[in-house]
Amino acid sequence: MRTVEATQFFGTFTPKLDEKGRIFLPAKFRAQLHEGVVLAKGQENCVYGWKPETFAELTQKLRASSFANKKVRYFQRVLYASASTEVPDKQGRIAIPALLREWASLERECAVIGAMDRIEIWDAERWAAFTAEQDEAFADLGDEEMPDLF
């Protein structure tokens, strides 16, 4: 029997970005992120967020990747150059650095989603468009694409 990893984020929440570039972390995520969250550029122009321990595990995996691989080097550079550790304030807000707000086009309306071992922060309109575009593909996923899952 498999054990369930302690870090699990799931759900979709819609906080607003304030004038200082902060958002309220969803209440369901705060206990896991109370010591901090490592934010970085995410794929599809969102912002990824990990618990510091989970980010350290990712770092170990990336260290094991071949430095000779150009795509690995590119990924490492982009990810780590954009990374920032943010600690929630007493109200549960985190600041999102300007570089990441620009990358994800975050202005006011946001979507914060759970994505297993990380959170993702999206512009709400971009998230809606992404999910609308992916709904059919999601519905069609099956044993061919994910043989060990279904």
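Student: Leaving out residues up to four places away in sequence, what does I121 touch?
Tutor: Keep in mind that this is a predicted model. I121 is one of the residues that touch the most other members of the largest nonpolar core. Skipping residues up to four places away in sequence, its contacts are I23, L39, C46, V47, I96, A104, L106, A111 and V112.

Student: Which elements each supply at least two residues of that core?
Tutor: The core has 18 residues, and I23, L39, I96, L106, I119 and I121 touch the most other members. The elements that each put in at least two residues are α1 (27–33), β3, β7 (110–115) and β8 (118–123).

Student: And how many residues are in the second, separate core?
Tutor: C46, Y48, L62 and L79 are among its members. The second core stands apart from the largest one, and its count is 12 residues.

Student: Let's do helices. What end-to-end distance should α2 have, at 1.5 Å a residue?
Tutor: Helix α2 covers residues 52–63, which makes 12 residues. The span is 1.5 Å times one less than the number of residues. The end C-alpha atoms agree with the expected value, and that value is 16 Å.

Student: Within what arc do the buried residues of α2 fall?
Tutor: The buried ones are T54, F55, T59 and L62. Seen down the axis they line one face of the helix, because they fall within an arc of 150 degrees.

Student: Which residues are exposed on the other side of α2, and what covers the buried ones?
Tutor: On the other side, K61 and R63 are exposed. The cover over the buried residues includes β3 (37–42), β4 (46–50) and α3 (70–82).

Student: Next, α3: which of its residues are buried, and what arc do they cover?
Tutor: The helix has 13 residues, and its end C-alpha atoms are 18 Å apart, in agreement with the expected span. Its buried residues are V72, Q76, L79 and S82. They sit on the same side of α3 because they cover an arc of only 160 degrees.

Student: What do those buried residues of α3 pack against, and which exposed residues are on the face turned away?
Tutor: The packing partners are β3, β4, α2, β5 (84–86) and α4. The face turned away from the buried side carries the exposed residues K70, Y74, R77 and A81.

Student: On to the rings. What kind of aromatic pair do F9 and F29 form?
Tutor: F9 is in the segment before β1 (12–13) and F29 is in helix α1, 20 residues apart, so the pair links distant parts of the chain. F9 is buried at 2% relative accessible area, and F29 is buried at 1%. With 5.1 Å centre to centre and 80 degrees between the planes, the pair is edge-to-face.

Student: Are the rings of W127 and F130 stacked or edge-to-face?
Tutor: These two are three residues apart in helix α5 (residues 124–140), so about one helical turn separates them. W127 counts as buried at 17% relative accessibility, while F130 is partly exposed at 26%. The ring centres are 5.8 Å apart and the planes are at 25 degrees, so the pair is stacked.

Student: Which residues do ring pairs link into a cluster?
Tutor: A search of the whole structure turns up eight aromatic pairs. Ring pairs join four residues into a cluster: Y48, W50, F55 and Y80.

Student: Which residue lies over the face of Y48, and at what distance from the ring centre?
Tutor: Elsewhere, R73 lies over the face of F67, at 5.8 Å from the ring centre. For Y48, the residue is R118, at 4.5 Å.

Student: Is T7 buried or exposed, and what is it in contact with beyond four places in sequence?
Tutor: T7 is found in the segment before β1. At 8% relative accessibility, T7 counts as buried. Leaving aside neighbours within four places, its contacts are Q32, K51, T54, M116 and D117.

Student: M116 isn't a glycine, so what is its phi, given that it is positive?

Tutor: M116 is found in the loop between β7 and β8. It counts as exposed, at 66% relative accessibility. Its positive phi is about 65 degrees.

Technical notes: Residues numbered from 1 in each chain as written. Predicted model: local features only at pLDDT ≥ 70, side-chain atom pairs only at ≥ 80, totals over all residues. Heavy atoms only, no water. Helix = DSSP H or I, 4+ residues; strand = E, 2+ residues; numbered from the N terminus. Buried < 20%, exposed > 50% of the residue type's maximum accessible area, 1.4 Å probe, protein only. Arc of directions from axis to C-beta. Contact = heavy atoms within 4.5 Å. Core = buried A, V, L, I, M, F, W, Y, C linked by side-chain atoms within 4.5 Å. Phe/Tyr/Trp six-rings, centres within 6.5 Å; stacked < 30°, edge-to-face > 60°. Lys NZ or Arg CZ within 6 Å of the ring centre and 35° of its normal.
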